[in-house]
Amino acid sequence: MKEKTMKRLFLLPALLLALTFGATAQSVQDLPRPQTTAPVSSDAIQQGNWLVGADIGNIGFNFKSTTFNFDIAPRAGYFISDNAVIGASAQLGLSIYNGGENWRYGLTPFVRYYFPEGAAPTHRWFGEAVLGFAGSSDEDSEDDAFLSRVYGVRAGYAHFVASNVALEGTLNLIRSSANIDVDNNTGTGLSVAIGLQIYLPGRNN
């Protein structure tokens, strides 16, 4: 009799624990998951829409010198047709190298095209061409703060996480004769950037 009573006493907490765990697991499953994608890519890149945002983390390596760069590039553009946008981007950044640092700045108009090939409701691939001017200011330099041309191409991927917001990753190949290198020579730089872009509907969309 005592053994049966003891078994019941042990089984009761185990049963309560199992019921509690099951209820908790069910309540967790019922919680809404964070939104990580949105099927809106075709609506976002319509003619008449606007594009605003920034590349928020550009870390790159220059081929001509051992120089690491960090850039922030706010941008704005207008869709002149479906898939095609023109705009301009401000270039603000800092180069750090062995022996000093160098501030960078510039303005680069761009043309971007979203490829129909490989398109999906939640993402788009795109290509971009840039042409503008850039400058820099070498620390303790007598010949600082001059401007020169900058041009290049970018390839990127836009993943839509909300109705008008996309996270972007780009691979950039940029050439500039601005004084952004330690040795003051013209150089070509390859870099990777992560950006956040907002697609604003136009008046007629």
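How many bridges pair β3 with strand β4 (residues 100-114), and in which sense do the two strands run? The legends below take this up, along with other views of a predicted model.

**Figure 1. An overview of the whole chain, with 2 helices and 8 strands.** Let us start with the complete predicted model. Following the sequence, the elements come in the order α-α-β-β-β-β-β-β-β-β. Of the 205 residues in the chain, 36% are buried. If we take contacts between residues at least 6 apart in sequence, 58% of them link residues at least 24 apart. The chain exposes about 12,400 Å² of area, and carbon and sulfur atoms contribute 65% of that.

**Figure 2. Model confidence along the chain, where pLDDT averages 75.** A pLDDT of at least 70 is reached by 65% of the residues. Among the elements, strand β7 (residues 165-176) has the highest mean pLDDT, at 89, while helix α1 (residues 2-30) has the lowest, at 49. Two stretches are worth a look here. Over residues 23-29 pLDDT stays under 50, and the model gives this stretch 0 contacts beyond four places in sequence. Over residues 180-186 pLDDT also stays under 50, but here the model has 19 contacts beyond four places in sequence.

**Figure 3. The hairpin of β2 and β3, with 2 residues between the strands.** Strand β2 (residues 67-81) and strand β3 (residues 84-97) run antiparallel and are joined by 12 bridges. At one point of this pairing, S81 stands opposite A84 in β3. Do look at N83 in this hairpin: its phi is positive, near 80°.

**Figure 4. The hairpin of β3 and β4, again with 2 residues between the strands.** Here is the reply to our opening question: β3 and strand β4 (residues 100-114) pair over 14 bridges, in the antiparallel sense. Y97 has G100 in β4 as its bridge partner. In this hairpin the residue with a positive phi is G99, with a value near 110°.

**Figure 5. G53 of strand β1 and its surroundings.** G53 sits in strand β1, which spans residues 50-62. With a relative accessible area of 22%, G53 counts as partly exposed, because buried means under 20%. Beyond four places in sequence, G53 touches A73, P74, R75, L196 and Q197. The C-alpha atoms of G53 and I198 are 5.8 Å apart in space, although the two residues are 145 apart in sequence.

**Figure 6. Q197 of strand β8, a residue with a relative accessible area of 0%.** Strand β8, which covers residues 187-200, holds Q197. Is this residue buried or exposed? Q197 is buried, because its relative accessible area of 0% falls under 20%. Leaving out neighbours within four places in sequence, Q197 contacts L51, V52, G53, A54, D55, R75, N164, V165, A166 and E168. G53 from the previous view is thus one of the contacts of Q197.

**Figure 7. A nonpolar patch on the surface, with about 590 Å² of accessible area together.** The residues to find are W50, Y78, I80, I86, V111, I198 and L200. At least two residues of the patch come from β2, and at least two from β8. I86, one of the members, belongs to strand β3. This isoleucine is partly exposed, with a relative accessible area of 38%.

Key. Residues are numbered from 1 along each chain as its sequence is written. This is a predicted model: local features need pLDDT of at least 70, side-chain atom pairs count only at pLDDT 80 or more; totals for chains, interfaces and linings use all residues. Side-chain values use heavy atoms; hydrogens and water are left out. pLDDT is the predictor's confidence in each residue, from 0 to 100. Helices (H or I, at least four residues) and strands (E, at least two) are DSSP runs, numbered from the N terminus. Contact means heavy atoms within 4.5 Å. Buried means under 20% relative accessible area, exposed over 50%, partly exposed in between (1.4 Å probe, protein chains only). Two strands pair if DSSP finds at least two bridges between them. Patches are made of residues with over 30% relative accessible area and no salt bridge: like charges are joined within 9 Å, nonpolar side chains (Val, Leu, Ile, Met, Phe, Trp, Tyr) within 5 Å. Accessible areas come from the Shrake-Rupley method with a 1.4 Å probe; for residues, only the protein chains shown count as cover. A salt bridge is a side-chain nitrogen of Lys or Arg within 4 Å of a carboxyl oxygen of Asp or Glu.
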